[in-house]
Amino acid sequence: MSAAVTPRDVLARADELQRRLGPAFRDRIVESLYAESERIAQRAVRKDENKHWDWDQRIDRIVTSPIFGLPLMLLMLALVFWLTILGANVPSQMLAGAFFWLEEKGSALFEMAGLPWWLTGFLWHGVYRGLAWVVSVMLPPMAIFFPMFTILEDLGYLPRVAFNLDWLFKRAGAHGKQALTMAMGFGCNAAGIISTRVIDSPRERLIAILTNNFVPCNGRFPTLIMLGSVFVAAAFPPVFASFAAAGAVVLVVLIGIAFTLVLSWLLSRTLLKGEASAFSLELPPYRRPSILRILYTSLIDRTLFVLWRAVLTAAPAGAVIWILANIKVGDSSLATHVADFLDPLGKAVGLDGVILLAYIIAIPANEIVVPTMLMVYMGVGMMTDITTYDELRHLLVDQHGWTLLTAACLMLFSLLHNPCATTILTIYKETKSRKWTVVGALMPLAIAFLVTFLVATVARAVF
Amino acid sequence: MHDCDSCPVHGELSRMGISLAKFDHLVALAGNPNTGKSSIFNALTGLRQHTGNWPGKTVTRAEGGFAFRDVRYKLVDLPGTYSLLSASQDEEIARDFLLFGKPDCVITVVDATALERNLNLVLQILEITDKVVVCVNLMDEARRKGIEVDVRSLSRDLGVPAVPTVARSGDGLFELTSTVADLISGAITTRPARAEAPPEVRSLIDELIPLIESVAPSLPNPRWVAYRLLDGDHRVRQALLSGELEQLVAKQAAPVERPSQKIALEGAQ
């Protein structure tokens, strides 16, 4: 018989035998497993009830309480951003100062050596300036934010966040663990999408993947922080400036979470119909974070990794911008032509043509959109170096007509627009579906345009 | 701090990072979520797989190497799982490797502060392999909570060696590796505790095993597959029918797509 056996035969025989066993078979296996575990554990474990002074439970009673849980979370979030903004300002300016000093000296050296102007321009005012902007805008906030995020993670706070937000996600028809994958998205959306593997229902996992982009990743925080510092903070007296900036960033994050929930709700009512499934989530004990590991994880693995990626895309972006700004067609540069062409669309969504051009150039890693935008402005205008937020404000407001609306729309656009190339690739790898990858890329983009258009239109009508 | 030169580990245990070109034995790290598997992995291999204090941190397989007394081991860090019966994607990665990856030894990490719940998985793993070392981790946390674990009693009841450890400080890791080495070399023999199946079930299983072996000869665990078939496990049925079971065996032998060092660098976790 052995040669002729097919898998089908095996299953048929198994079914036959299964009927003989009856339906209680599985329950019996599981029951005996539990009974055995209990018996062995009871013999091996001795508990000293007197020593039981459970700090964890006391802390959790506050941290996950229905009244204090959410406000505490918001406070913690605000504190993290406030420290980031406060701490990043000065190093950012110092870095920018040093980088642009070097650019000046370097290009002067090239000129002295009699090298052609286009080589100096391409290398120093193109490639190098791209790198300089990205490093000075992104490095300081990341080097402060990532260690704080990693401390919270090592401490055991993330599952508590999931615990506090669980009911919201359940209402939206999504999985409670989506709060965890969303939290990972703050670090990096691609990592957040990989972490959705902890969600066992394919429907809810897909929702978590498609909406992960609505939390700003670490690459996008510097944009938000810069805009918050330059525009929102400037509207307040200096004493409150850093609080106002942090408040603005928190507000943007909350808007992102709101979009996550609303879209999860919409998706689970339309394309991905279904009920939220039950799950159990362990709240692990709080553990003292180990400083060395935190520094390594947050600075080497996270900060340098994100920065390196940004640098790799910023150098060619800088080169493209320099070329666009220096090829003249008629009276003005190619960059100006493209920006003028995009301007009506940009204006309709509260932005302008230059911002859209920068956004297009920065598509591979859209966290570099602000440095790219600044380079386009500077390539178009006359200004050569900006090291302080005041000078930046002067460039944007006085020379290029920015208003608070421009800043607000750019913050929203950067929060909502399509994920970066790496994230899109990750969506494809995880879903193995072209259709969902396209949805994952275009749905946020459409929402970004729609929302900024509505905001701009309403704001212009009201004010 | 440890005094490295006088420590017995010195000279016997060396971390080999991701140099996995040649290895003598394959060792898997399994256990419930958040029991410190990745911390043990990092301590033994010298790699820096991300760790974090929340269940579900590791969602992919990570591989690294270490050498002990001149024998080279490949260590595979698996995502945490509560059971071999359930199936979210990260748990499936763990389950597939344990069942079809043919590890020479499975280090099953348990949380000393929640032993009873963790033992469910240990007992399930004992059903599929004899080569198990139970690593009772987080002993420091247990002590703080006034919990004492009698490792000898545990080892006696389970029929496999049990080693107390504190992965974060490295306590017990030397004993863990030497136990793994002795288990693989045969210096330690095991008698895993297995729930005696009622005779009528046993005869059915015994009848199915040769049938399964004849359609899927490379399966290391026909016994487990027989159990699952009798339980009406839909996925196992499908896998047997489509020939996927055989493919799973081949797939586990292939190296992971990305070595763990690179996973860390890509910030994937």
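**Entry 1: strand pairing across the chains**

I began with strand β1 of chain A in this predicted model and looked up its partner in chain B. I found that β1(A) is joined to strand β7 of chain B, residues 147–149, by three bridges. The two strands run antiparallel. I then looked up A:Val45 and noted B:Val149 as its bridge partner in β7(B).

**Entry 2: the contact between chains A and B**

I next turned to the whole contact between the two chains. On one side I recorded 55 residues of chain A, and these are in contact with 53 residues of chain B. I listed the elements of chain A that each supply at least two residues to this side: the helices α1 (7–21), α2 (25–44), α5, α6 (158–171), α8 (189–194) and α12, together with strand β1 (45–47). Which element gives the most to the side of chain A that touches chain B? I noted α2(A), with 12 residues. Sorting that side of chain A by class, I obtained 28 nonpolar, 10 polar and 17 charged residues.

**Entry 3: helices α5 and α12 of chain A**

Both helices appear in the list of Entry 2, and I looked up how they pack against one another. For this I needed two quantities, since packed helices are described by the angle between their axes and the distance between the axes. Helix α5 of chain A covers residues 117–155 and helix α12 of chain A covers residues 291–326. I recorded an angle of about 155° and axes 7 Å apart. Angles over 145 degrees count as roughly antiparallel, and α5(A) is therefore roughly antiparallel to α12(A). I entered the crossing of α5(A) and α12(A) as right-handed. By class, I noted 25 nonpolar, 10 polar and three charged residues in their contact.

**Entry 4: the domains of chain B**

I then examined the division of chain B into domain 1, residues 13–193, and domain 2, residues 199–252. How far apart do the C-alpha centres of the two domains of chain B lie? I recorded 26 Å. Between these domains of chain B, I found nine residues of domain 1 in contact with seven residues of domain 2.

I looked up which elements give two or more residues to the domain 1 side of this contact, and entered α2 (89–100) and α3 (115–128) of chain B. The largest share of that side comes from α2(B), with four residues. I closed the entry with the classes on the domain 1 side: five nonpolar, one polar and three charged residues.

Terms used
Residues are numbered from 1 along each chain as its sequence is written. Chains are lettered from A and ligands numbered from 1 in the order in which they are written. This is a predicted model: local features need pLDDT of at least 70, side-chain atom pairs count only at pLDDT 80 or more; totals for chains, interfaces and linings use all residues. Axes are lines fitted to C-alpha atoms, for helices over the stretch in contact, and angles run from 0 to 180 degrees between N-to-C directions. Angles under 35 degrees count as roughly parallel, over 145 as roughly antiparallel, 65 to 115 as roughly perpendicular and the rest as oblique. A crossing is left-handed if the near helix is turned anticlockwise from the far one by less than a right angle, and right-handed if clockwise. Ala, Val, Leu, Ile, Met, Phe, Trp, Tyr, Cys and Pro count as nonpolar, Asp, Glu, Lys and Arg as charged, and the others, Gly among them, as polar. Two strands pair if DSSP finds at least two bridges between them. Domain bounds come from an automatic or database domain assignment.
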